[in-house]
Amino acid sequence: MESIKRETEVYILKIVGGPASQLLASRTAKALGTEPVLCEFNRFPDGELYIRIADETKDENVTIIQSTPTDSDFVSLLQLINACNEAKELNVVIPYMGYARQDKRFKIGEPISARAIACCVNADRIFTINIHAKNVLRYFPCPAKDLDAAKLLGEYIAGFGMENPILVAPDSGAKELVKNVSSYQGFDYDHLHKTRLSGDTVIINTKNVDVTGRHVVLVDDMISTGDTMAESIKILRDQGAVDVYLACVHPVLVRNAVLRLFNAGVKDIIATDTLEKAESILSVAPLIADALKNI
Ligand code: R5P
């Protein structure tokens with residue numbers, strides 16, 4: 001097994017991939033020159049989750065990688081952390097953290113769901129990737145850092161060789177992300193205005209983005225129902241965009257989102273493997289591996 005050399009010690013790292021992040025954990029282990037630890041996942045007859053790490057974690061430096069798009073994935077993460085309670089040092093990587101969008105109380109009586117989830121996840125340190133709202137990091141009971149996949153996305157988009165593309169965020173919440181993705185490559189960027197009417201209905205207004213005759217890449221942290229992007233694609237195409245690509249970190253893509261996006265005229269969807277979907281063509285494994293090397 002490859003060892004990560006630090007100034008004070010030789011740091012042997014065991015990478016444990018949870019059920020939602022098997023591919024990403026394997027890629028991260030490979031990037032670190034090691035093999036992922038094998039885990040067994042199953043369900044008891046009554047539906048409860050069974051999990052087992054098929055290797056010793058006692059007195060080891062362990063990193064768990066597990067996204068939490070579903071409630072079951074969150075339970076699996078808690079189980080994995082508990083199974084590693086005798087590890088020497090435990091890092092937890094949550095590439096996509098579910099419930100992060102409920103980062104405040106929007107209506108009286110609501111929970112801050114992101115806080116409810118975060119406060120249960122304890123380790124020596126936690127990493128997230130482009131978490132929906134950075135203020136969620138303070139709810140973890142241990143040091144937490146958000147890694148940024150913007151540079152990787154920018155490099156990937158640059159590889160398309162599009163002439164003079166413009167990168168556009170569908171709402172002001174994605175302004176910082178689109179700026180970061182663009183700035184590494186010197187792309188033009190702008191953003192639209194979004195009003196959310198319900199969980200799956202939005203209205204998009206253009207502002208003054210001139211896309212006539214240009215290749216457009218819409219950039220957002222996540223695509224869920226696809227409504228935000230479908231509405232944005234229609235507007236940009238109506239305004240004369242040559243073609244519209246989508247780039248996101250987290251391809252949540254629930255229900256018929258993919259069909260809706262192609263129906264709206266998207267050219268292609270670029271996403272990372274924080275969630276493992278057919279669209280996850282760009283891996284964030286190098287980002288995680290670098291973070292672990294630099295602990
Ligand atoms: C919200 O602010 C996020 O950044 C995304 O824009 C949103 O979650 C996308 O959701 P949907 O695909 O359901 O419109």
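**Notebook: the pocket, the ligand and the cavity**

I sorted the residues that line the largest pocket by class and got nine nonpolar, 13 polar and 14 charged. I note here that the model is a predicted one.

*Entry 1, the pocket.* I looked up the volume of the largest pocket, which is about 1100 Å³. I then asked which of its 36 lining residues are closest to the centre. They are Arg101, His132, Asp171, Lys194 and Asp221. Next I went through the elements: helix H5 (175-183), E11, E13 and H6 each give two or more residues to this lining. Which element has the largest share of the lining? It is E11, with five residues.

*Entry 2, where the ligand is.* I checked the position of the ligand and found it in the largest pocket. I listed 14 residues around the ligand, and the ones that come nearest are Arg101, Asp220, Asp221, Thr225 and Thr228. Arg101 and Asp221 are also on my list for the centre of the pocket. By class, the shell around the ligand holds seven charged, five polar and two nonpolar residues.

*Entry 3, elements around the ligand.* I wrote down the elements that supply at least two residues each to the ligand shell: strand E11 (193-198), strand E13 (215-223) and helix H6 (227-238). Which of them gives the most? Strand E13 does, with four residues. For the pocket lining, by contrast, I had noted E11 as the element with the largest share.

*Entry 4, polar contacts.* I looked at distances to oxygen atoms of the ligand. For Asp221, a polar side-chain atom is 2.6 Å from a ligand oxygen. Thr225 also has a polar side-chain atom 2.6 Å from an oxygen atom of the ligand. With Gly226, the atom in question is a polar backbone atom, and its distance to a ligand oxygen is 2.8 Å. I then looked up how much of the ligand is covered: on its own it has 380 Å² of accessible area, and the protein covers 92% of that.

*Entry 5, the cavity.* Rolling a probe the size of a water molecule over the atoms shows where empty space is left. I asked how many cavities of 30 Å³ or more the structure holds. It holds one. The largest cavity has about 40 Å³ of space. Among the residues in its lining I noted Pro95, Tyr96, Met97, His132, Met222 and His250. His132 had already come up at the centre of the largest pocket. How do the residues of the cavity lining divide by class? Seven are nonpolar, four are polar and none is charged. The pocket lining, in my opening note, had 14 charged residues.

How values were computed:
Residues numbered from 1 in each chain as written. Predicted model: local features only at pLDDT ≥ 70, side-chain atom pairs only at ≥ 80, totals over all residues. Heavy atoms only, no water. Near = heavy atom within 4 Å. Polar contact = N/O pair within 3.5 Å; in protein donor to acceptor, adjacent residues only side chain to side chain. Areas by Shrake-Rupley, 256 points an atom, 1.4 Å probe, with all protein chains shown as cover. 1 Å grid on protein atoms, 1.4 Å probe; cavity = no way out; pocket = protein on both sides within 12 Å on 5 of 7 lines; lining within 4 Å. Sits in = over half its atoms within 2 Å of the grid points. Nonpolar A, V, L, I, M, F, W, Y, C, P; charged D, E, K, R; others polar. Points joined across faces, edges and corners; volume = space filled by probe spheres on them.
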